[in-house]
Amino acid sequence: MRVVLSIAICAVLFLSGCSSRSNDDIQRSELENLYELSQSYLQNGRFADAATLLSQINTRYPFGPYAQQVQLDLIYAQYKVGRQDQALTVIDRFLSLNPNHADNDYVRYMRGLVHLQAEGAFFQDVFGVDRSDRNPVYAERAFDDFAELVQRHPDSKYAADARQRMVWIQSRLASHELAAAEYYLRREAYMAAARRGVYIVENFPNVIEAKRALEIMVVSYEALDLTQEASDARQVLNTNF
């Protein structure tokens, strides 16, 4: 009887093990099918569908074999559909959980792009909407993101593009300060206008907005009878522009 009972127990354990492996295989097959479908969505430009499916995969299989790649794809899909908050959440979590991942240069690059997207640069560039007076908080964050990328990953394939974007962002930040300087100049608040001009020249000397900043400084100092300051600003203006 004991022998029969032992055989029965072994049989149950064996079948249980087979059932467990079968379930694992089924789950893995389901995961592979879902991931392949998400890739099809991405390749065909169905980014909203891809983002929805990748989010489901990320929630259902947070530690699956595709977990990190799913998150990387999800960042891109969320960016493509303009869901900045969701993209930033995935980005920050990924960097926190994977501080030494080989693709962290890409993740930091995407964070800069997401912040630029939040800044709304697309509408300004394409439709010519003047938004220089808007608070450039997202542009500042994007600049920090790209600067961190260049510092941490100087040899990254994204570094060159990041540097170019940093130049554009400096122009954007200078434009914001210049809008304020122009406002003060129109109100004849000459000292405030001059200070804004000085800030631009000191912090963004290599952007075209520095030329107008120097012109505002000259006009403002002359209006304030600050002859030496006006002369110095005019000299810098003539030398550089």
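A residue counts as exposed when its relative accessible area is over 50% and as buried when that area is under 20%. The structure described here is a predicted model. By the first of these cut-offs Asp-225, at 66% relative accessibility, is exposed. This residue is found in the loop between H10 and H11, and its phi is positive, about 60°, although Asp-225 is not a glycine.

The protein contains 11 helices and zero strands, and its elements, taken from the N terminus on, run α-α-α-α-α-α-α-α-α-α-α. Of its 241 residues, 37% count as buried. When contacts between residues at least 6 apart in sequence are considered, 55% of them join residues at least 24 apart.

The two helices that flank the loop of Asp-225 pack against each other. Helix H10 comprises residues 209-223 and helix H11 residues 227-240; the angle between them is about 160°, and their axes are 8 Å apart. Because an angle over 145 degrees counts as roughly antiparallel, H10 and H11 are roughly antiparallel to each other. Their crossing is left-handed. On the H10 side the contact involves Lys-211, Leu-214, Glu-215, Met-217, Val-218, Tyr-221 and Glu-222, which meet Glu-229, Ala-230, Ala-233, Arg-234, Val-236 and Leu-237 of H11. Divided by class, the residues of this contact are eight nonpolar and five charged, with no polar residue.

A second helix pair is formed by H8, residues 159-186, and H9, residues 190-203, which pack at an angle of about 165° with their axes 7 Å apart. The angle makes H8 roughly antiparallel to H9. The crossing in which H8 passes H9 is left-handed. From H8, the contact draws on Gln-170, Ala-174, Glu-177, Leu-178, Ala-180, Ala-181, Tyr-184 and Leu-185; from H9, it draws on Tyr-190, Ala-192, Ala-193, Arg-196, Tyr-199, Ile-200 and Asn-203. The residues of the contact of H8 with H9 comprise 11 nonpolar, two polar and two charged.

The loop between H8 and H9 holds Glu-188. Phi of Glu-188 is near 60°, a positive value in a residue other than glycine. With a relative accessibility of 54%, Glu-188 counts as exposed. Further along, in the loop between H9 and H10, lies Asn-206. Asn-206 is exposed, its relative accessible area being 75%. The C-alpha atoms of Asn-206 and Val-167 are 8.8 Å apart in space, and the two residues are 39 apart in sequence.

Aromatic side chains were examined next. A pair of aromatic rings is described by the distance of the centres and the angle of the planes. Seven aromatic pairs are found in a search of the whole structure. In one of these, Tyr-106 and Tyr-158 are tilted, with 5.7 Å from centre to centre and 50° between the planes. Tyr-106 belongs to helix H5 (residues 104-119), whereas Tyr-158 lies in the loop between helix H7 (137-152) and H8, so this pair ties together parts 52 residues apart in sequence. Tyr-106 and Tyr-158 are both buried.

Tyr-158 also pairs with Tyr-109: the ring centres are 4.9 Å apart and the planes stand at 25°, so this pair is stacked. Here too distant parts of the chain are linked, with Tyr-109 in helix H5 and Tyr-158 in the loop between H7 and H8, 49 residues apart. Tyr-109, like Tyr-158, is buried. Ring pairs link Tyr-106, Tyr-109, Phe-146 and Tyr-158 into a cluster.

A further loop position, His-101, lies between helix H4 (84-97) and H5. Leaving aside residues up to four places away in sequence, His-101 touches Gln-68, Leu-72 and Phe-94. Of these contacts, Gln-68 is 33 residues from His-101 along the chain, and the C-alpha atoms of the two are separated by 9.4 Å.

Key:
Residues are numbered from 1 along each chain as its sequence is written. This is a predicted model: local features need pLDDT of at least 70, side-chain atom pairs count only at pLDDT 80 or more; totals for chains, interfaces and linings use all residues. Side-chain values use heavy atoms; hydrogens and water are left out. Axes are lines fitted to C-alpha atoms, for helices over the stretch in contact, and angles run from 0 to 180 degrees between N-to-C directions. Helices (H or I, at least four residues) and strands (E, at least two) are DSSP runs, numbered from the N terminus. Angles under 35 degrees count as roughly parallel, over 145 as roughly antiparallel, 65 to 115 as roughly perpendicular and the rest as oblique. A crossing is left-handed if the near helix is turned anticlockwise from the far one by less than a right angle, and right-handed if clockwise. Contact means heavy atoms within 4.5 Å. Ala, Val, Leu, Ile, Met, Phe, Trp, Tyr, Cys and Pro count as nonpolar, Asp, Glu, Lys and Arg as charged, and the others, Gly among them, as polar. Rings of Phe, Tyr and Trp (its six-membered ring) pair if their centres lie within 6.5 Å; planes under 30 degrees apart count as stacked, over 60 as edge-to-face and the rest as tilted. Buried means under 20% relative accessible area, exposed over 50%, partly exposed in between (1.4 Å probe, protein chains only).
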